[in-house]
Amino acid sequence: MTGTLAACGGGDTSDGGTDADVDFSGEATGTLRAWGFENADDVGQARLDHAAQALSGVEVELDATAFDAQKLTTRLASGDVPDVVQMDRRIVPTYAAQGLILPLDACFAAHDVTPDEWWYPAVVDDVRLDDQVWAVPQFYQPPAILLNTRVMDAAGVTADQIDTSDPDALLAAVTAMYAESGGVPTTLGLDPNPSGQGPLWILGSGGQLIDEDGRPTLDDPSNVPGLELLKQIVDAQGGYAKLKSFTDSFDSFGDGNQYVTDQVGSQVNAQWYPNVLSPYVGQAQIEAVPFRDSEGQPFSVAGGSAFVIPVGASNPAAACAWALELTNMDAWQAAGEARAATREADGGINTGIMTGSPDADAAIREQFVVPSGDAGFDQVISTYYDVLDYGKTFGASPAGQDILTELNNAVTAAMLGDKTPEQALADAQEAALRAYDSVVAQS
C-alpha cells in the first residue's frame, strides 16, 4: 500500500514556489539525482549512455536501488528529494493526487512533445489524472497466450480453441490438455496466471475497475463474468491451491522451464517471456494467440513504468530533459542496436522491444526483428506486435495501487472458494473505497 503525506495538489517546490513556477525550458545542466533505475540491462544501459552523451552538461548521480514506496515518502518528508524517480505507472496517480509529484504538461510543451502522439494512448492514460499528465512513460509489454504446440497436438487441441471469448471451447481445450498424477497437476491446459493477470480477465470480459473520476468500481456487476470464467478454468485443473503450488514450482527462467518440460499447454504471458525462451529453440515448440475480449476482439491491458519529478526537485529542467532523452527515438534506436548485438553474441532470437511508443516499436521491428528460422517463434513475435494496437488502460486513480491490491485479494478469495465472486468483489470495493476516500481527503 502506498504511503501518504499530508500534502495538497499543486504543492510547494523547494524554494517555496508552486509547481506552476517550475521552468522546464531552462538549459539542462548541473547535478541530477535519479533513483529507481535498477539492474539496467543492455536496453537500459544503451539509453543511459545516449542520455549522457546528449546532455553532456548534466552530471547524473544514479541511485540504482529498487523503488520503494515507503522509502520515497520518507525521503520527501525529510527533504531528501531526488530529481527524477522511476516507478510503476499504476502508482503515479496516487502521488499526483497527494501533490507529491509535478504535472509534466509544461515539461512536454518545453520540448515540443505531444504525449498522445509520442506514446500509445493507453500508456498515457495510465498517468493522466485531472486532465494532466504526471509522468514520462516507458515500455508497454502486452500479455497474450503463449501456446505449447507439442502438448496441444498430443491432446488434439488447435490454436483456435484457445479463445477467451468462447468459454465452452476454451474449457474443453483446457480439460483435454490437463493431466495429473495422484491428484497433483503435471500439465496445465492453461495457466491463466490468476494472481498476476486478474485485471486482464475481468477487463477483457467487459468489466470496469475504476470509473472516469478515478473511483474504484470493483463491485460493478460487469466484473463478475471475468472472475467466474477464471474460477472455472482453475477449478477444471485441480483448484487454486494445487494450481498455485504447481506453477510456483516452475523453473520459468531455467533449462527446465514449463515449455521445455511440457508442464503447460498454454499460459498467459507478457511479451518479455518469449525472450526468456529464445535460447530453447528446438526444445520449446511455441505459438501464440491474443487474449480476446467478450466480443472476440484482441485485448490487452497497458502496463509498464514511468519517470516522475517530485515536488521540491532541485533540478527539474534537467530531470525533464533526461527523462525525455531516455524515451526518444534516438534512445530507442541505441537500445535496438544494443539488443541486436546481444542477440548476435548469444545466438538468441531478437523478439523486439516494446517501448510504449508506436513509432519506436515500428522502427525497431523493421530494422532489428528478422526471421529467426523458427516459424513458431516468428509467429509468437508477430502476435505480440499485433496485440499492441489493442491496449487498454487499467485506469488512473488516486488509489490505484490499493485498488489493485484489493482486487488481487478478491481474486484469491474467489479462486479458493472462500467467497463467491460477488462477495469477494464487494469486500474489495469496500476496502478500496476507504483507501480512495482517504487519499482524496488529503488532496
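## Domain interface and disulfide

Across the interface of domain 1 and domain 2, three residue pairs are found in polar contact, both residues of each pair being at pLDDT 80 or more. Helix α3, residues 92-97, gives the most to the side of domain 1 that touches domain 2, contributing three residues. That side of domain 1 is made up of five nonpolar, three polar and two charged residues, yet the rule finds zero salt bridges across the interface of the two domains. The model discussed here is a predicted one.

The domain assignment splits each domain over two stretches of the protein chain, as the table sets out.

| Domain | Residue ranges |
|---|---|
| Domain 1 | 30-141 + 304-341 |
| Domain 2 | 143-301 + 398-441 |

The centres of domain 1 and domain 2, taken over C-alpha atoms, are separated by 30 Å, and the contact draws ten residues from domain 1 and 13 residues from domain 2. Between them the two domains bury about 930 Å², of which 53% lies on carbon and sulfur atoms.

Turning to covalent links between side chains, the count by the rule applied comes to one disulfide, which joins Cys107 to Cys320 with an S to S distance of 2.1 Å. Cys107 lies in helix α4 (residues 105-110) and Cys320 in helix α13 (residues 316-325), so the pair ties together parts that are 213 residues apart in sequence. Because the torsion about the S-S bond of Cys107 and Cys320 is about 90°, this disulfide is right-handed.

Technical notes. Residues are numbered from 1 along each chain as its sequence is written. This is a predicted model: local features need pLDDT of at least 70, side-chain atom pairs count only at pLDDT 80 or more; totals for chains, interfaces and linings use all residues. Side-chain values use heavy atoms; hydrogens and water are left out. Domain bounds come from an automatic or database domain assignment. Contact means heavy atoms within 4.5 Å. Buried area is the accessible area (1.4 Å probe) that two parts lose on being put together, summed over both. A salt bridge is a side-chain nitrogen of Lys or Arg within 4 Å of a carboxyl oxygen of Asp or Glu. A polar contact is a pair of N or O atoms within 3.5 Å; within protein, one must be able to donate a hydrogen and the other to accept it, and residues adjacent in sequence count only if both atoms are side-chain atoms. Helices (H or I, at least four residues) and strands (E, at least two) are DSSP runs, numbered from the N terminus. Ala, Val, Leu, Ile, Met, Phe, Trp, Tyr, Cys and Pro count as nonpolar, Asp, Glu, Lys and Arg as charged, and the others, Gly among them, as polar. A disulfide is a pair of cysteine sulfur atoms within 2.5 Å.
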